[in-house]
Structure formats: structure tokens, C-alpha cells
Amino acid sequence: MEQSQIGSSRKLRVFAVDPSLGKLLHQSHLNEIVLSIPWAMEERRYDEPFWGPSGEYLEVVDVDPGSGLFYKPINLNDPSLLASNGLSPTESNPRFHQQMVYAVTMDTIAQFEDALGRVVLWSPRVKRGKKEYDDEYVGQLRVYPHGIRDANAYYSPEKKALIFGYFEADDTHANIAPGSTIFSCLSHDIIVHEATHAILDGIHARFTEASNPDVLAFHEAFADIVALFKHFSHPEVLVDQISAARGNLETDNLLGQLAQEFGRALGRGGALRDALGEMEGGTWKQKTPSKNQIRRLTAPHARGAILVAAVFQAFLAIYKSRTADLFRIATKGSGIHPPGALHPDLVKRLSEEAATSARHILRICIRGLDYCPPVDVTFGSYLRAMITADHDLYPEDDKKYRIAIIEAFVSWGLTPKDLRIVSEETLVWKSLDEITQNSDLKTELAEDLGTLIENPEAMLNWIEQNAKGPSIVRGKLEEIAGKIGKILETTETPESTRSRLNRAASNKYSVQKLLEQNLLSLGLKANREAEWWAQKFYCQLFWAFITSPANRELLSFIGLSMDNDAPKTVSRSSLSQGLPSIEVHSVRMAARLGVRNQIEREYVVEITQRRKAYFDSDTQREQDKAIEKDKEPDFIFRRGCTLLIDAATFKVRRVIPTKGDITDNAALERQRSYLSDVQDEPKNAFDGGSIDLLKGQAFSELHRVAGD
């Protein structure tokens, strides 16, 4: 198969929002847009008749299990399609459906890569072995445009796939013929939402573990946020809606709504979800901030809608601030527009300000992912993540984005419970120096780590002398280096990186050469499979460093425990004389362009610990003291921290801990109480069934009937 043409792009036509727009005379001109997406196309797999577009990130498989049929695949490399930007949007041609899901998903991937400065990786496939779990690299996410006959669409972490359904519409909506087939794969919003689930899972695999009411709600809310703000990247739709709303985005409009056709086809009278308002008795009513909702709503979609409303409220406040002068000029200071349509020049300027504001808010949301704790995320900790991410890159906050975000979160009651004062100063995560300044701890972590990583020979010598199980660590590093060497030898790399890689060209890719090159720093030029293995390589390095006896005193300051008196239910390590084990879950590089066009790079290091947990308190106490024989746990309790380490100075710029460490019985009780209470909660905002969070709630059940 052809290799991807990194750095180039291609254009493909898609539906702008939903196919239903083309059926309304006054909006039919918005029916189609053209996306420019990264060229990551390979030839389709001719050995499989139902394989559609296949690229570096995705493979479209167009099988309809309900009927046992498969649909003829589209060849997007056909010269006639290249010349015409693909097929024209249509509901009736399955080949266009393949084009639609491929183009929109790739467009979403590109947006994340641009914000994070690194390639998107899917969560690994976990293979259960006899002794331990082995991760397997997943290069391509599968996409099934017609995967189920159901009013549903979902991301499957188990199958590493996006699965879209289709169903017959009811007869309650005037613009949808009764019995019409509604395809979720033709909804721009639904595709972006599901693709975001997959991307988020690749960044934070533990965010599917429901340890508190915010975790699954965050997954749903974040996917909605990305889908909503994608609307503002479509100029045609943006100009039309701002003109129709006369510049006032606090009205009923497409920009704040998700999956209009899908919601109406289900008989809901309006969009599937609306960030601004809701239908009451057939009338649209704007939402007003309320701190009570977060206290009473626990179902993922309903709770997640509160986070979406807060973020969208912040966006609207910024938009109004940025356009206040335009409205004053246009209304001659009265604040009241004269009758008739707005002047096209004013609409154009308002659209530009809306697009700029939406783009920056979305970047803050995406960048905030690297500033979250590795497990047990809450809306309050995400607020801290957003504020810190933006503060570190734009200290001045000239446009007052952070003030608007804080104000919105406060008004909806989404602030951290452990902060008595909520301000930018208190929300920004602390540095290691700030945390340890009043202690007697003497650590040269930044100096030591920088010296070792920049001097490969010194690093290897240090491992031999200081690491726990040095031969095991060295062996794993050599094994990973060998795997990376084979990948790079057999893969055509981009011209921009080939010269760099040739310096290490050999049959065996050594540990020292891998350290010299630091593949994590390649960013968007990286070979994705080599990047995945490089992250595992650095996980081993950071694990060896953080668990060494010299750094043991440091651990308690960053929310970790290496106390021999810890409960016996805390996972132990054979490499540290039975002390609590520590897992460096992820090491990745974040690269961002600052306000002065400076490139900021930092290591994002996620460290976790685990503990067996039981619903019965007496059983927990017995197992904690190892009075009885080891018993299978009812659930797993995890704690940990994320470290943001400057890639230039190796100073620990931010320490982002979970609330309480692995020995914290109060934190364990909070999770126990939550899991005990939610067994009979609705599976989503629209359905009344029950769920079992302990078995790892599948997105298929979470999205059923909600149809996201």
C-alpha cells in the first residue's frame, strides 16, 4: 500500500450539518461544504470487497450486519473524484457515506493535532496474558458507516471502532417524510462527537472508569464541546446564522445545537442537544445558570450538558466583549439595530470575531487535557486544567478569556470543592518548587533528570547503579529500541526527518541512539507507531527515575505513596521489596506556539497507583490488614498525579494530583458510595434503564436512544 503523503492535503465534500438543511428552501444553500484534510490516504484493501477508504489513521469498513450486506467501496484516489473533491453529498449513495465519515473524522483528528502539537494515537488493544496485560499498538481506527440498525452511534473501546446506526423516522416532524431512513453517519455533529470519544480515549484511557459522577459526563460533554465549536469553522454556516440572528447568538440558532435531524426524527421537536436552550411545550427557552443542577443530576448526558453550557456561556461572553465596539458603531451608540438585514460587512466582521473566539476556546479545552489528573477527573479539576494551560501559554490574558471561563463555571457551580477562594491565582496548578518550598525536602529532580536525559551514557550508567531491577529496566529499554529500529527501517519516513533518522541507521536501534534523538520531540513529523513505542520507552525511563530510593521522599509531595505501612490491598511491586507499586501510565510531549511565536515543549508524565476495593466496609478492613485470604475486589480504586516537565530545563512546572493518595480511605469511601448509588441510575439523559458501571460502561449503552 502507498504510504501517506505527510504535509499535503486533499479536499472532500460533506454535508455542512445534517442532510435536512438541503430540504429547507431558506437553508438549502448551506447543504454542502468542502473540507481540506490531511492526505493520509492509502490504496483500499482489494483483498476485502467491503473495505472503503483506508489511511494512516482510519479504515472504513462498510458492512451492514443487520442484513448481511456489504456496500461497494469508494476509491477516493480515482482521478475523477480527485478532480471534483469527491462525490456530491447525497443520502442515497453508501459510497458518499464512506466519504463523509472519513473526511469529517480526519478533519477532527487534524484539529487535535494542531492544538496539541503531536500525532493522534488510539488507545492500545489490551491482550490478557497469563501473567500480565500486554498492550498492542492500534494504527487504524475502524469506521462502520452502517454498523447497526438502531437509533444509535457510538465509539467502541473494545473494537477500536466508530459504529454508526440508521433507523426509520417517525411521522411527527413536518420536514421529514414518515418512514424516511435517518443515517447517523451523515450528521457532521455525530461524527465529530464519536471521533472525539476515540481521540480522548487515546489520550486518557482511564477516563472511561466511572469513579465519580463527573467522569463519564466529562467524556460526553467534551465530545459535545468539540462538535459545537466545529460549527464556527464553517464560514458559510457561520455567516448565515449570524445574519439570521442579527448578531445575537443567545437565540435559537444552529450554532448552539447538535444533530438537529437526528433529534427531530426521534420525535423530540428539536435538536438532540442544545447548549443554549431547550424546548418547553413546543417553545424554545434559553437556559439560565443554576448551581442546583450539578447537585441533583448524575446521568452522564444530563450532567455533561451543564459543563457544555458553562463553556458555551464563556464563549458568548467573550464574543460579546469582542464585538461590543462593532455594535456601538452599527447602532450609533443606541444598542438597537434599525429594521432590516444587517449590513454584509458587519456580518462578516461579527463572523470573524465569533470564529476567532470559538477557535481559542476550543484550543483551551483541548490543551487542558494535558493538565488533567490521570484518573478521577472532575469538572472542577478540568476548570483548573483549562486555566493553567492557557495561563502557561498566554500569561497576560489580554482578551480576558480566563476571566470569562471562571465566571461561567462559578455561575453553574462547577468549581473545585477544596478551594475556598476561586480565582485565576488559586486555580493554576502549583509547581514542584511551590509545593516543597516550606519543607526540608532537598531535591535536584530537574537538574538530575535533565543531565541524565541529555547524556544517554550517563542515563544508562545511572540505571545500572540506581534503578530498581536495573537489568529488567535495561532489558525492556533495549527491547523497545529494537522494535523502533525495525519500524523505522521498514517505513518510508518524511524527507524532513529522514536525515535525522539516518544518523542512527543500523540493524539494531540502540538505547543510546534513541535517547540522542528523543523521538517524542518530532511532533507532527513522527512515525505514529514509532511514537507509540517511544512513549513506552520513556515510561520505563521515568519509572526508573521516580521510583529510585533517592526520590522516595519526593513521592508524598506529588500525591504518591511508597509507605510500607500502606494497606495490603495496595498493589505491591516485586522490584521494590514489596513496597507499593507505581505505574508510569503515559509519557508524551506537548508542543504549543505561544503569543510571541515561541515553541513551548513539555513532557506530560502520568503516574498512577491502584488498590483493591470492596463494597462491604468490614471486608475492606480485613483485606487491608490481610486477615483473610486474598479476595477478588469489587472494583479498583486508583490515585496518582500528572507532572508537566519543561523539555528545555526539566523543571517540574506543574504537579496535578488526584484528591487524596492511594491510602486515602475518605477518597475510597467517596468512590464506593458513588458506585453503590448509581446502579439504578438512568443510562442516559433520555432513557430509564439501569447500567452496571463496574463492568466498564460501554458507550453503546450510554449512547442508546440518546443517539450521540
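**Aromatic contacts and a pocket**

The structure holds 21 aromatic pairs, and the model in which they are found is a predicted one. One of these pairs joins Phe-222 and Tyr-382, whose ring centres lie 6.5 Å apart with their planes at 90°, so the pair is edge-to-face. Phe-222 belongs to helix H4 (residues 214–230) and Tyr-382 to helix H10, so that the contact links distant parts of the chain, 160 residues apart. Phe-222 counts as buried because its relative accessibility is 0%, and Tyr-382 is likewise buried, with a relative accessible area of 0%. The two residues also take part in one aromatic cluster, which they form together with Phe-112, Phe-207 and Phe-218.

A further aromatic pair, between Phe-542 and Tyr-603, is tilted, with 5.8 Å from centre to centre and 55° between the planes. Because Phe-542 lies in helix H19 (residues 528–546) and Tyr-603 in strand S19 (residues 599–613), this pair ties together parts that are 61 residues apart in sequence; both of its residues are buried.

Aromatic rings also meet charged side chains: the charged end of Arg-528 sits over the ring of Tyr-57, 4.1 Å from its centre, while Arg-10 lies over the face of Trp-39, at 4.6 Å from the ring centre.

Helix H10 appears again at the second largest pocket, where helix H10 (379–393), helix H22 (665–677) and strand S21 (652–657) are among the elements that each supply at least two residues of the lining. This pocket holds about 1300 Å³ of space and is lined by 47 residues, with Thr-378, Pro-416, Lys-417, Asp-418 and Lys-659 nearest its centre. The lining divides into 19 nonpolar, 13 polar and 15 charged residues.

Terms used: Residues are numbered from 1 along each chain as its sequence is written. This is a predicted model: local features need pLDDT of at least 70, side-chain atom pairs count only at pLDDT 80 or more; totals for chains, interfaces and linings use all residues. Side-chain values use heavy atoms; hydrogens and water are left out. On a 1 Å grid over the protein atoms alone, a cavity is a set of points where a 1.4 Å probe fits but cannot get out, and a pocket is an open set with protein on both sides within 12 Å along at least five of seven lines; lining residues have an atom within 4 Å of a point. Grid points are joined across faces, edges and corners, and a volume is the space filled by probe spheres set on the points. Helices (H or I, at least four residues) and strands (E, at least two) are DSSP runs, numbered from the N terminus. Ala, Val, Leu, Ile, Met, Phe, Trp, Tyr, Cys and Pro count as nonpolar, Asp, Glu, Lys and Arg as charged, and the others, Gly among them, as polar. Rings of Phe, Tyr and Trp (its six-membered ring) pair if their centres lie within 6.5 Å; planes under 30 degrees apart count as stacked, over 60 as edge-to-face and the rest as tilted. Buried means under 20% relative accessible area, exposed over 50%, partly exposed in between (1.4 Å probe, protein chains only). A charge sits over a ring if NZ of Lys or CZ of Arg is within 6 Å of the ring centre and within 35 degrees of the ring normal.
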